Amino acid sequence: MADDEDTDVPLIPELYKPAALLPIAQLRDQLLYTIETFPVTIVVGETGSGKTTQIPRFCLDAGWCADGKQIAVTQPRRIAATSVAARVAEELGTPLGQRVGYSIRFEDVTSANTQVKFVTDGLLLREMLVDPLLNRYSIIMVDEAHERSLSSDILLSLLKKVLRKRDDLRVVVSSATLEAERFLDFFTPDEGEKVHGKSKEDYGKIISIEGRTHPVEIQYLLEPTNNYVERAVDAIMSIHTSESPGDILVFLTGREEIDDCIDMLSDRIADQSPNHQKLLTLPLYAGLSTEDQMFIFQKAPPHTTKVIISTNIAEASVTIDHIVYVIDCGYVKLRTYDANLGIETLNIIPVSKASATQRAGRAGRTRPGKCFRLYPKTVFAQLEEATFPEIQRSNLAPVVLQLLNLGITNVVRFDYLSPPPSSLITRALDLLHSLGALAPTGHLTKPLGTRMAELPLEPMLARTLLCAATPAFSCLDEMLSIAAMLTLQGNAFVSHDGGKKQLDAARRKFAVAEGDHLTLYNVYEAFVKSGMSVAWCREHSLNHKNMVKAVSVRKQLAHYLSRFGVAASPLSSSDVLRVGGTPLAERIRRCLTAGFFAHAARMKSDGSFTTVDGKTTLWAHPSSVFFHRKAEWVVYTEIMETRGKVYVRDLSAVEMEWLVEAAPEYYRVRDGGRR
DNA sequence: GAGCACTGC
């Protein structure tokens, strides 16, 4: 099997099946007819239907690339784009990167001969800045659209606009059943309206493809439970003692629950007789190092049942073969954004029916399976049909900035698949205005606003980086490293052997009194000096894969800046440390203030912080140097509420005067009693 | 005092 040998891909995708055996083969002619006839085709297909690999092949064979045009297939995740491209290339018997290729951030495996290109949806969005009508493509297929990710939603809106201008383009949207009608309605013209001579009826069509999964028997609890972790342990033990042997996948919501579950399970296993079939429990969540994640793919030893206890990562991002039993707690941890407070919150909420169905399906991939839902059937009936779209619960500043840069001036009346609440858009516009990206006319400022939009960074960080290049701050080299480290979102450090103490000790070695940003800078510098060593990372509890990613991000950011014609000021090495009498470390913190002035807080005597308006109490995240140390004013780069407590991460000590200097208007208005 | 679900440019 090709997939097993594909060492570049860390997680092994679905089992290989000969193309001709897939149910989709029988639908070939109907699919091609629909794509030829209708501008929009909605394909409804379960996982395992072969739609992602076969539809591009059919279109290729039918001549959709004859005139030098390409077929693009978008994926929400990098791993999917690369692994599916590899499979299609193999099926066609061509080397990857020739007729079939992929393009993801930092990796463009395509050539002049490429006809079918797999891309992440975010990357295709960026491509629209250069080629707004996507003229090089004859067909664009948006896969996994039912996941309703921020970028696939925006992409669909933009494709609708492009279709109004290009009658030769075909759009294929692949979706789970429940959302298909919604997608079709979105694309088709209104009643009585016509687009390129086509009315609602002849503009789009839905085609269903059956999957090839095995039946999964579903069982429910009779009564609701208030402790699903305990019930999960009960269910594991009951499968272990009463069902035929088979690997088990358990869905819980987060790391702590997973650890608890494993602890409780090991207590219960200790009671078992030694000659019984054994249980091997393995945690799975994104925060684990790659090596630890790989354990789940290893075959269990003889007479051993694998029990994988996972977050939502196993629902769509990671596919594990040979799972026979699924245990679903019925909840998921989901991020929402409070536009009034500007705070993101991680809440545990009930899953949607679509999610529950997807989770259950994980049991039937290789043979008939069973799914145990840790809630009553009546509860399932009341679940939402689909997960709340990301666009309705996110900080929209990055999206709004991107739309404005694409020339969409009225972001309020933009044709969203699901319009976000206006408070989210207003908040985003306010922020962009305060950062100087937005002119009073509603257009992006030039060059600041357009440059901020082009950088693959959130707006506050983009502005910080652009400020770093100005003579007053002169700290571009340093800020590039800091920005790259910040994109790791707190995942620079990792505990290799589960030792929390070791991790904290490693962190302390790099810590400096000025705060977390300069600490991150020290980590980056030390990593590069180590020769990007794996052993060095292990010794210092650092995630090597992520550190390498920071190096790539830094390179990409530097490339953008040089394209803007922005470079580090040509200071001789003796001048670098002081500019106009200001030391480097202070310039860096002043520069951070210029981008993150809206994220200021003041420390109280008990070690907690208050926001500038005095309304919210914040706590330094335990990973921050200010978890132990004192400061007065700080700016922070990230804020998130978990379990009723608001945590800030990545803090730097600043002076009140710097805040007023950085944003006199912002702070004056606040003193005047806004909000 | 004690901790981030998951993606992506």
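## Exercises on a predicted protein–DNA model

The backbone oxygen of Ala314 lies 3.4 Å from a polar side-chain atom of Arg362. The model is predicted, and the exercises below start from this pair of residues.

**Exercise 1. Locate Arg362 and decide whether the residue is buried or exposed.**

Solution.
- Step 1: Arg362 sits in the loop that connects helix 12 (353-361) with strand 16 (369-373).
- Step 2: The relative accessibility of Arg362 is 7%. The limit for a buried residue is under 20%, so Arg362 counts as buried.
- Step 3: Leaving aside residues up to four places away in sequence, Arg362 touches Leu249, Phe251, Ala314, Glu315, Ala316, Val318, Thr319, Ile323 and Val326. Ala314, one of these residues, also supplies the backbone oxygen at 3.4 Å from a polar atom of the Arg362 side chain.

**Exercise 2. Give the strand order of the six-stranded open sheet, and describe the edge at strand 11.**

Solution.
- Step 1: The order is 9-16-13-10-12-11, with parallel pairing.
- Step 2: Strand 9 (216-220) and strand 11 (278-284) are the edge strands, each paired on one side only.
- Step 3: On average, neighbouring strands in this sheet are turned by 20° against each other, direction ignored.
- Step 4: Strand 11 runs parallel to strand 12 (residues 304-310), and seven bridges join them. Within this pair, Leu282 stands opposite Ile308 of strand 12.
- Step 5: Helix 9 (residues 255-270) packs on the sheet and touches strand 11 and strand 12. The direction of helix 9 makes about 170° with that of strand 11.

**Exercise 3. Explain why strand 2 can be called largely enclosed, and name the strands with which strand 2 pairs.**

Solution.
- Step 1: Strand 2 covers residues 70-75, and six of the six residues are buried, so the strand is largely enclosed by the rest of the structure.
- Step 2: In a regular strand, side chains alternate between the two faces of the sheet. In strand 2, Gln70, Ala72 and Thr74 point one way, while Ile71, Val73 and Gln75 point the other way; all are buried.
- Step 3: Strand 6 (residues 137-142) runs parallel to strand 2 and is joined to it by five bridges. Ile71 stands opposite Ile139 of strand 6.
- Step 4: Strand 5 (residues 116-120) also pairs with strand 2 in the parallel sense, over five bridges. Here Val73 has Phe118 as its bridge partner.

**Exercise 4. Describe the protein surface near DNA strand B and list polar contacts to the strand.**

Solution.
- Step 1: DNA strand B is surrounded by 36 residues, of which Arg78, Ala286, Phe627, Glu638 and Thr642 are the closest.
- Step 2: By class, this surface has 14 charged, 12 nonpolar and 10 polar residues.
- Step 3: Elements that each supply at least two residues of the surface include helix 5 (121-130), strand 14 (331-338) and helix 19 (500-510). Strand 22 (633-642) and strand 23 (645-654) are also among them.
- Step 4: Sugar or phosphate accounts for 52% of the strand B atoms within 4 Å of the protein, and bases for the rest.
- Step 5: Two contacts go to phosphate oxygens. A backbone N or O atom of Arg105 lies 2.8 Å from a phosphate oxygen of DNA strand B, and a side-chain N or O atom of Thr311 is 3.2 Å from a phosphate oxygen.
- Step 6: Arg126 contacts a base: a polar atom of the Arg126 side chain lies 2.7 Å from a base oxygen of DNA strand B.

**Exercise 5. Examine the backbone at Pro447, Met532 and Ser541, and state the accessibility of Met532 and Ser541.**

Solution.
- Step 1: Most residues other than glycine have a negative phi, and most peptide bonds are trans.
- Step 2: The peptide bond from Lys446 to Pro447 is cis, with omega near 5°. Pro447 is placed in the loop between helix 15 (422-434) and helix 16 (448-454).
- Step 3: Met532 has a positive phi, near 55°, and is found in the loop between helix 20 (516-529) and helix 21 (534-539). With a relative accessible area of 33%, Met532 is partly exposed.
- Step 4: Ser541 also has a positive phi, near 55°, in the loop between helix 21 and helix 22 (544-563). Its relative accessible area is 4%, so Ser541 is buried.

Key
Residues numbered from 1 in each chain as written. Chains lettered and ligands numbered in written order. Predicted model: local features only at pLDDT ≥ 70, side-chain atom pairs only at ≥ 80, totals over all residues. Heavy atoms only, no water. Near = heavy atom within 4 Å. Polar contact = N/O pair within 3.5 Å; in protein donor to acceptor, adjacent residues only side chain to side chain. Helix = DSSP H or I, 4+ residues; strand = E, 2+ residues; numbered from the N terminus. Nonpolar A, V, L, I, M, F, W, Y, C, P; charged D, E, K, R; others polar. Buried < 20%, exposed > 50% of the residue type's maximum accessible area, 1.4 Å probe, protein only. Contact = heavy atoms within 4.5 Å. Pairing = 2+ DSSP bridges. Axes fitted to C-alpha atoms, helices over the stretch in contact; angles between N-to-C directions.
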